[in-house]
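Thank you all for coming. I would like to walk through this model slowly, going from one chain, to the way the chains meet, and then to a few places inside a single chain.

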4 protein chains.
Amino acid sequence: MKFDYSEKVKALQGQLTDFMESVVYPNERTYEEYVDNQQDPWSSVPPIMEEMKTKAKQAELWNLFLPEEGRKLTNVEYAPLCEIMGRSVIGPEVFNCNAPDTGNMEVLVRYGSEEQKSQWLDPLLNGEIRSCFAMTEPDVASSDATNIEAKIERDGDEYVISGKKWWSSGGGDPRCKFAIFMGKTDPDAHRYEQQSMIIVPMDAPGVKIKRKLSVFGYTHAPHGHAEIEFDHVRVPVSNILWGEGKGFAIAQGRLGPGRIHHCMRLIGSAERALEEMCKRVKERVAFQRPLADQGVIQAWIADSRIDIEQARLLTLKAAYMMDTVGNKEAKKEIAMIKVVAPSMALRVIDRAIQAFGGAGVSEDFPMANHWAQARTLRIADGPDEVHRRAVAKQELLDY
Amino acid sequence: MKFDYSEKVKALQGQLTDFMESVVYPNERTYEEYVDNQQDPWSSVPPIMEEMKTKAKQAELWNLFLPEEGRKLTNVEYAPLCEIMGRSVIGPEVFNCNAPDTGNMEVLVRYGSEEQKSQWLDPLLNGEIRSCFAMTEPDVASSDATNIEAKIERDGDEYVISGKKWWSSGGGDPRCKFAIFMGKTDPDAHRYEQQSMIIVPMDAPGVKIKRKLSVFGYTHAPHGHAEIEFDHVRVPVSNILWGEGKGFAIAQGRLGPGRIHHCMRLIGSAERALEEMCKRVKERVAFQRPLADQGVIQAWIADSRIDIEQARLLTLKAAYMMDTVGNKEAKKEIAMIKVVAPSMALRVIDRAIQAFGGAGVSEDFPMANHWAQARTLRIADGPDEVHRRAVAKQELLDY
Amino acid sequence: MKFDYSEKVKALQGQLTDFMESVVYPNERTYEEYVDNQQDPWSSVPPIMEEMKTKAKQAELWNLFLPEEGRKLTNVEYAPLCEIMGRSVIGPEVFNCNAPDTGNMEVLVRYGSEEQKSQWLDPLLNGEIRSCFAMTEPDVASSDATNIEAKIERDGDEYVISGKKWWSSGGGDPRCKFAIFMGKTDPDAHRYEQQSMIIVPMDAPGVKIKRKLSVFGYTHAPHGHAEIEFDHVRVPVSNILWGEGKGFAIAQGRLGPGRIHHCMRLIGSAERALEEMCKRVKERVAFQRPLADQGVIQAWIADSRIDIEQARLLTLKAAYMMDTVGNKEAKKEIAMIKVVAPSMALRVIDRAIQAFGGAGVSEDFPMANHWAQARTLRIADGPDEVHRRAVAKQELLDY
Amino acid sequence: MKFDYSEKVKALQGQLTDFMESVVYPNERTYEEYVDNQQDPWSSVPPIMEEMKTKAKQAELWNLFLPEEGRKLTNVEYAPLCEIMGRSVIGPEVFNCNAPDTGNMEVLVRYGSEEQKSQWLDPLLNGEIRSCFAMTEPDVASSDATNIEAKIERDGDEYVISGKKWWSSGGGDPRCKFAIFMGKTDPDAHRYEQQSMIIVPMDAPGVKIKRKLSVFGYTHAPHGHAEIEFDHVRVPVSNILWGEGKGFAIAQGRLGPGRIHHCMRLIGSAERALEEMCKRVKERVAFQRPLADQGVIQAWIADSRIDIEQARLLTLKAAYMMDTVGNKEAKKEIAMIKVVAPSMALRVIDRAIQAFGGAGVSEDFPMANHWAQARTLRIADGPDEVHRRAVAKQELLDY
């Protein structure tokens, strides 16, 4: 039992924090203003993003999420770094550590053929293209993955792909070149072997972005959340990942790291909210005293620190288990943090918003946007209720 | 003790519900699409709004909030009607019952001179113009109204007005013709007599709308939330309301009805969320059962009904006290519902969002926008903490 | 819609409050000390109880719960009075308004034969004897009443009664003369017609009090919570209530008023806790300020007032519906308050306990005992979960 | 960062668990029954306790809390063991690891003179005598330790001690031989140097146990919670601990380990509640399904596991910091777990109680008693509010 970060991690934390302070935070507004001033905010990515990416690559703060790449970090080593990136909405992409690309890269590393890797993984790893993940469907309760209705049908050397997908985050990005699509290859197979994953180029005929969904008013352009129709899209059979019927298995594998990365980032966003709150309440005076002297505000600060610290430790423990006993054995812990982290972040950020008054819900501070993103994470990658159920089932196994 | 609505109220409830179903709900999307498709969404109001207003006026469902006008309803009679309007984000304006115009009309009815009434109140009552309320300031903790820094200085027959205001909701509306502005006429007077309210035409030289703030990601165009700079704006002395030093007294009077109207609307938005949730969970199936059969979902529905019902009763009781013993005597009850209703609505709407999954946070259903508006009401018109303090002080008086 | 108590009720509130202050509160300690100093606390009831009962009878503050008796109060009229009685743990018995006798009296009034009434109801109404209710069983989940395993078998002119019951509150009282026993007369009948209720004299052969259960350390002697074994107890067939198979129907009828009475009393206990808290925090000083000046304490007071007021209004509304549309039509509202009131009281009392520090958990103040009793009411007469389910089912009926 | 227990710890966990299962749990009822059947439950300790202590000593599971003794465990090593002891109300004493003796032993180890050690520490370490801690006072808000009114006045070779103390847990134990008493030696000294600690033999003239307080309805005989009057009690000057004016400093030192030990035990009691709940819900059936299949119950189980796991990790981290940077540097973390652990245990135990129905609040299962003890720990050793304040102040230091 040891609660210190290694020297290696501490050094990277320092480097990353410096980078955030000198490069990322000062450009948050630059990024937003570029988007706000575009006629069509979906048409281009703020140039500052590519500039920051170049700097991150030079600093070797690149692809840190991937144990197989670069600095070859474990999950426990990556956690405190991912957290720092998550302090800014634009942070993760700067370091090529943003969802859903990270999850897609992991899938390709683990299940991709050599051909798939060279065509799709390499440019992703280089940050040259972006990707999306097409799993959730508008017409069914996707919290139960067996409900999926999309079809992947073999026709000679091709698969014919049809279905409606939404919440394909990143699907609106002009650089998005492919989707990993989940659908049924064999509706009559065993419940967990009906589905497959396949690579679909975004420019394939029949792929149509219907619209971009908003999240509490945020479009998150130019990244966005796309609703996509796949209408008899044809792709070569070699685009299948791993093999027919492996969709569920890949999803299970994909979602473990993806989920914990979300949690790490949420801790960062909560940490930033707490920091902003502390600064604000020392400055502002009401009823003849700084807000920082009010007992209610002090309780918010204490509870926020307590909430963050507990969520962080649980995330680190889950990461440690992934490193030592593997993602599968760590599934209870992953489900646990997936329940804990979004709600924790929502509580902490909400307190900060309240401490800020009107400024808190506006674009002047990062809290409102962070809040909206955290709220989606009580739904995305499995709603809380499904994860609670999973934890309970594991727990009851012992009796 | 009697818990039935009167026959008069029941008839109006029926009429209003019909109007909502035949006129308002079907045009929510029409309204939104018009705004979304405008080059400059602040430049014009969707024409459907004026069409609906005409219909509401014809149906005599107009200005129902004002005891002095039309149907001459008491607060207890208005409450269940206001609730119905609040079910739609665009509802209140259709019936000329939207904030902040209602509060401004009340101020003018009660404290306006004849001249002020004919110039500003009449067109507001007719729905021909809109107005805003300029009280909150970006540079101080406005939860403590004595912090206000804006100045109103007499110079001959004019007042010279200077100050920075924000969250002047409705200030972005192209039809907005004046602001009621709060500032200090005498910084040396007694704490509660330093401030005054004055009418400032929006086209007066020196009035500058700096920007429109967003609430989470919503701009709420074309209504919006303006940050306005008043730079040595000159208005005739006759624009003062009631008299110098009366700002605080008017604010106290203005905010009572304003606050309870917000609460009534919040009940409506919660009621609609519950309704949407019930419909959804009967349709969607997960893990081989309709969501409506899951115990956790049932608990959400029960708790939502319980939360709404309690908040409604407390709102009605506060309204009853306003009607019988007056706004001043009802101040504890008004403070209580101001604490209760926003949090209640947030809980109910949040459960509905969770039951909907991704659809819940999007523009496809009214919940996300309702949520964002409810969240601001834990801050606007006094943050929860200030109202809790007021309730406690009243309570402790008895000992 | 009218929120004032009638003049009649206000007069009774005044009379009852005076009685509590002059007779009941000053004797709470007398009562407790008598019990504490008994060798066998189950052997006798503190004489002060009978003295207080005599006074209450003289003041015509007797059997107020029963619409058919004495002052013939409606539920709405009784609610604010029952609340006052509930402020003291020993209060309800003083006025012959204590559970489970009230529920048993209601059953006898509504379903008892003339013979049953003269033998059992009259002495109960006079406060000469006490009774208990034998429904819950230790070996099954009694939250589902169909689980009941006790048997009532006809044998000639007698029924033979067997079963294990517990939480038969009042069963330990030396004055307890009979139980209303629930069991199955026909296990093969329709689900809701298998069960019957029958009067069992406590001195019948085969009735054995196994032990008295404690509630968070409280034995509640000499009233207590008995575990009773009924081993082939024989009673005349005339002891059956209403008729074979009517047990479920009686239970439904019995529990409505019983549940709402509990809620009324809980409001009283919460109100008293809030009162004690307010007094305490004005007196005690920490960190150079009275506790009453601390923001956190003020938030507790405000939230407590808000919690109580909302629960009271919901209770009154449910009572109003019972009076106007009947217990059956009011079942959703009764279920709602049964969920609300215990948790509300627990929250309010818990805050008061915390404000008192160590004194709060001790016998020096009424809060700890009130808390323990409130906690059982999240279980007794149906656990929260069952009532939430019932509310949700009602709510979903509309869709 | 490493989340595994060491081999040494795992072996001790196994040994301790075996001991609990073979020796402690089977004798919980034996212990209780002995107490319940005593004429005067304060007169003697159930003999089974001394038998179990002997076995624990033989097994070298003795004084594990003390880094200086026996197995010389660090805090991180002791935490998972203390947790196991805390699963039973009678557990800690069996292993000589019960409060307040552990805290008193720590004080004597660290601040006691050789003479004090041989007279008082050695028999405590051997489990031959018991002790109590006399700090809290009935007449002032003891959450603010500077409020203490008790006096320690020098008179020649003696100190004269006067004051009223309560919640001196263990003061009712027939084996209790001395109190560590806190009072003011110099009311005019600096705020934190007014107070001293001194050893007072329980048989000294002027020491009078006024009564034993109950916690909810539990007397916790024969250990108990004493109210003690010290009326001009004379002790030799050599009884002072460390020196005059050191009371506050010792209290700070004493309370760190004491607080974290409470937290460890609370985790154990929560863990046992969760275990009991899981067993119960698999057995009981309601509405045709095992309770374990109900979504609401599953949510309770998941949330309990999540709550426990987070609190455990935070406790371990605080312990780790105490081991590595010292108790003083770990004060924020100690304050944090002191806030977290009692509330966590209360939530988990409360859910278990609800799942058990009536059985849950009774003496048939350990939950109700564990709940009552956990509730006192939101007050004892500093109420939550004081610890939150301390955490917030630390947090705000950085800005």
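Let me begin with residues 132-232 of chain A, where the chain is 0% helix and 50% strand, and where the end C-alpha atoms are 19 Å apart. Please keep in mind throughout that this is a predicted model. The same stretch, residues 132-232 of chain A, carries the UniProt annotation "domain: Acyl-CoA oxidase/dehydrogenase middle", and I should add that the entry is unreviewed.

Further along, a second UniProt annotation, again from an unreviewed entry, reads "domain: Acyl-CoA dehydrogenase/oxidase C-terminal" and covers residues 245-394 of chain A. That span is 79% helix and 3% strand, with its end C-alpha atoms lying 25 Å apart.

Taking chain A as a whole, we count 12 helices and 9 strands. The radius of gyration of chain A is 21 Å, close to the 21 Å that the globule rule gives for 399 residues, so the chain is as compact as a globular protein of that length. If you prefer outer dimensions, the C-alpha atoms of chain A fill a box of roughly 75 × 60 × 40 Å along the principal axes. Of the 399 residues in chain A, 61% are buried. As for how the fold is connected, if we take the contacts in chain A between residues at least 6 apart in sequence, 73% of them join residues at least 24 apart.

Now to the way the chains meet, starting with chains D and A. How many residues does each chain bring to this contact? The contact takes 34 residues from chain D and 34 residues from chain A. On the side of chain D that touches chain A, at least two residues each come from helix H7 (247-283), helix H8 (295-324), helix H9 (331-356) and helix H12 (384-396) of chain D. Among these, H8(D) gives the most, with 14 residues. Sorted by class, that side of chain D has 21 nonpolar, 2 polar and 11 charged residues.

The two copies are related by a rotation of 180° with 0.0 Å of shift along its axis, which superposes chain D on chain A with an RMSD of 0.0 Å. That is the relation of a two-fold axis. It also turns out that 100% of the interface residues of chain D are interface residues in chain A as well, so the copies meet through the same surface.

Chains B and C can be described in a similar manner. Here 34 residues of chain B are in contact with 34 residues of chain C. The side of chain B that touches chain C draws at least two residues from each of helix H7 (247-283), helix H8 (295-324), helix H9 (331-356) and helix H12 (384-396) of chain B. H8(B) gives the most to that side, with 14 residues, and by class the side has 21 nonpolar, 2 polar and 11 charged residues. Chain B is superposed on chain C by a rotation of 180° with 0.0 Å of shift along its axis, at an RMSD of 0.0 Å. The same surface serves both copies, in that 100% of the contact residues of chain B recur in chain C.

Let me stay with chain C and look at helix H8 there. At 1.5 Å a residue, the 30 residues of helix H8 (residues 295-324) of chain C should span 44 Å, and the end C-alpha atoms are 43 Å apart, which agrees. Is H8(C) mostly covered or mostly uncovered? H8(C) is mostly covered, with 27 of its 30 residues buried. Just after this helix, C:Gly326 takes a positive phi of about 100°.

Helix H5 (residues 101-111) of chain C is mostly covered too, since 8 of its 11 residues are buried. Among the buried residues of H5(C) are C:Asp101, C:Asn104 and C:Glu106. What covers the buried residues of H5(C) includes helix H6 (114-125), S1, strand S4 (176-184) and helix H7 (247-283) of chain C.

That brings me to my last stop, C:Arg130, which is placed in strand S1 (residues 130-134) of chain C. C:Arg130 is buried, with 25 other C-beta atoms within 10 Å. Leaving aside neighbours within four places in sequence, C:Arg130 is in contact with C:Asp101, C:Gly170, C:Asp173, C:Arg175, C:Cys176 and C:Lys177. One of these partners, C:Asp101, is itself among the buried residues of H5(C). Finally, C:Arg130 and C:Met367 are 237 residues apart in sequence and, from C-alpha to C-alpha, 26 Å apart in space.

Conventions:
Residues numbered from 1 in each chain as written. Chains lettered and ligands numbered in written order. Predicted model: local features only at pLDDT ≥ 70, side-chain atom pairs only at ≥ 80, totals over all residues. UniProt positions renumbered as here; feature names shortened; annotations may be inferred. Helix = DSSP H or I, 4+ residues; strand = E, 2+ residues; numbered from the N terminus. Rg over C-alpha atoms; globule rule 2.2 N^0.38 Å. Buried ≥ 20, exposed ≤ 12 C-beta atoms within 10 Å, placed from the backbone. Contact = placed C-beta atoms within 7 Å. Nonpolar A, V, L, I, M, F, W, Y, C, P; charged D, E, K, R; others polar. Least-squares fit on C-alpha atoms with pLDDT ≥ 70 in both. Expected span 1.5 Å × (residues − 1).
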